Amino acid sequence: MNVPPLTPEPVFQGDPSPGRASISAQALLEGLFTRRQIRSLTDGGTRLIIKTGGVSIILCILGMCVFLVKEVIPLFLPTQATLNEPVALPSIKHPVTSALVGIDEHQELAYVIRDDSLEFVFLGEGTAAISKVPSRGLLPDGTVTVVARALGKGHNLAMGTGDGRMIPVTIEFTQDFHDEERSIAPAVKVGTPIAAASTPQAITKLAYQTTDSEVRVAALLEDQHLWLTTGRNVSRPDGTTSASTTQVDLTPNISGRVTALTLASRAELLAVGTANGKVYHFDLRDAAKPLLAETTQASGQDQAITALAYLMGDRSLVVGDAAGQVVVWMPVREHAGTNQTHMTAVHRFLPHQSAVTEITISQRDKGFITTDAEGEIRLHHSTSAQTLLTLTPRQGGIRSSYFSPKADGVVSVTDNNHLLHYHIANPYPEITLATLFSPVMYEGYERPELVWQSSSGSDDFEAKFSLTPLIFGTVKGTFYAVLLAVPLAVLAAIYTSMFMHPDYRAKIKPIIEIMAALPTVVLGFLAGLWFAPVLERNFPAMAGMVLLTPFAVAISAGLFLLLPASLRHRIRPGVEAFLMMPVIIAVVGGCLAANGWWESFLFDGHYKPWLQTHLGLNYDQRNAIVVGVAMGFAIIPIIYSISEEALTNVPKNLIAGSLALGATRWQTLIYLVLISASPGIFSALMIGLGRAVGETMIVLMATGNTPIMDWSLFNGFRTLSANIAVEIPEAPHGGTLYRTLFLAGLLLFIATFLLNTVAELVRQRLREKYSQF
């Protein structure tokens, strides 16, 4: 056989083909760097990018945590007071019998009344200056025996004289701005004197209050007679007005020597304390016929009541006695469902070392200050039931004190004619760990309760910042969502991985995973505006579905197994479950069509009254069932996807070996696959749980947002995340509500961190334990 000779291909010098150019470039690159060096550089760069991204994420999370802590810490800082340089007042030749002090809301201008002398003290920058206002034409003629202040009315004062008259005095502060500088000018207005009693005797104690239509005075005379005087202007038919005065002697209703008295800010209540420790509570809504509503033994028989004051809102009464005890009393209903109340001691504070001489309330909240005979001043807060601050001046005893209008300062006048001015840093007096997480006795409640109610339409509202109902709501919503989602998602993942035909699995799995992309605001919208009304109308049918569907599925499965083997084998393996779809649809349609029958059969014709009568449950349209279904629908794709991946990643050789040894698919699933996939399934459950804990929009739109503590399926709740979304737009920056919401966010952050940490530890333990499989 002849073989033609091989002819070598010609080689062209300077061939400009691209292949040769690339080969030359590659050769040049390999000349500079070896393949190992290139791979090392690539790996190093990738590693650096990954580390940078990971460290950045960690730093961002730490930054958020630090920011939350920074916003929360001020809630728990102690109250602080700063004493300015005391101001020496001009001495008065005669002994001072009455004194009263006050200050404007900016704490720049104070006033001091000592008998019939009025001085203004400028406390602005620089040295304090004293301006004495002439008494003639401003203050009443005659001897001033007592001075009183109208509670909660700013600087409305009353002076009692030696001849039994009451003269109202109003001090106003006018602000003016000139060249971007603010100046304050005081003004004094003296009203028409009113005879406080029918006999012209010296007034020894005085309580004064004004309303839009009348002036009310309670005056104790030297002869120990207590008179209630009401003055009002009556309109005549001709358009003119005339003064009308009503006087009532309250002495017959009181036993014992009167030692203290006070009027509520609305002038509808009068409290009178006596030397035998009793407090008499008068209802003054009918000025002509005062009613003695109740008598309270507020102190020991030998301890006189020395000071009284109603807190803002006129419900709580602060009582101080000769032993230094300070107690807050409030009306409490005797029995649930009745309007009968009795005064009950609800808060006791750190006692003074001597008799309480004065109580001054805050015009902003439920705080107040007390002064004792030795000159000690204490700041308290009723809601938190704590004594926040104790001040011990060194300038002698205190004759009068005043809580600044913004509750950020205290001004006092001493026995040795010095004016003391304290700046108070106390922005969050109502917040303690007890008020945040423990039951608190609030005004109008029968017992200590856990309540969240941050605002109200009334200025004298007592804020309630208990986070426990919100934590409870978070746990409740998560529980019902997980209760629905976990069985459906895990069982669906098991069926898809172990029993479904691969062709159908390839189509169904992506469809379920796409569900995770559905915005939660859409789910909340549908749940609140569509599903909730549908559930309310068809609740009996829904209850029938829960009872009937398992039996229908079980009977259908049994009938399928009774079919001849030749018929069963014609059905494609892994699609048997689709045969149940018509059965489930038929059951659902039949129950909806028979809604009236189910209501008659299960609930005697009306399910809402039946639930109330037999179970004591009220049905709210937006309830835990609605939230559980909607939130469960949101977390099912997450749990399903991760669980299915964990089950699918079990080595096929292990499954095949188990089946080859004679185990059924169910036995293989229970004793091999579930154990091997347990770390992944557990991770899926924890991720779904964390997703439910932090869910906001579904809870916000599908519940009534009622912060109540009840496990009932038929009422709503409020979660921490939904509460933040609801309240933060209305929270004043830096206020109590603002920082409490940040505390709620910090609790969510900590809960999520702990949940994920525990989940990771358990997952690693399961992986180590079952790695042999």
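This report describes a bent helix, a helix pair and a sheet in a predicted model.

Residues are numbered from 1 along each chain as its sequence is written. Local features need pLDDT of at least 70, side-chain atom pairs count only at pLDDT 80 or more, and totals for chains, interfaces and linings use all residues, while side-chain values use heavy atoms, without hydrogens and water.

Helices (H or I, at least four residues) and strands (E, at least two) are DSSP runs, numbered from the N terminus.

Helix α14 (residues 665-693) has 29 residues, yet its end C-alpha atoms are only 36 Å apart, against the 42 Å of a straight helix at 1.5 Å a residue. The helix α14 bends by about 60 degrees at S678, and P679 follows within four residues. The bend is the angle between axes fitted to the seven residues ending at a residue and the seven starting there.

The axes of α7 and α10 come within 8 Å and cross at roughly 75 degrees; α7 and α10 are therefore roughly perpendicular (65 to 115 degrees). The residues in contact (heavy atoms within 4.5 Å) are tabulated here.

| Helix | Residue range | Contact residues |
|---|---|---|
| α7 | residues 539-562 | F539, P540, A541, A543, G544, L547, L548 |
| α10 | residues 595-603 | N595, W598, E599, L602, F603 |

The sheet is open, with 4 strands in the order β20-β21-β22-β23 and antiparallel pairing (at least two DSSP bridges between two strands). β20 (305-310) and β23 (341-348) are at the edges with a single partner strand each, so one side of each lacks a neighbour in the sheet. β22 (residues 326-333) and β23 pair over 7 bridges, and V328 stands opposite H347 in β23.

Technical notes:
Expected span 1.5 Å × (residues − 1). Axes fitted to C-alpha atoms, helices over the stretch in contact; angles between N-to-C directions. Parallel < 35°, antiparallel > 145°, perpendicular 65-115°, else oblique.
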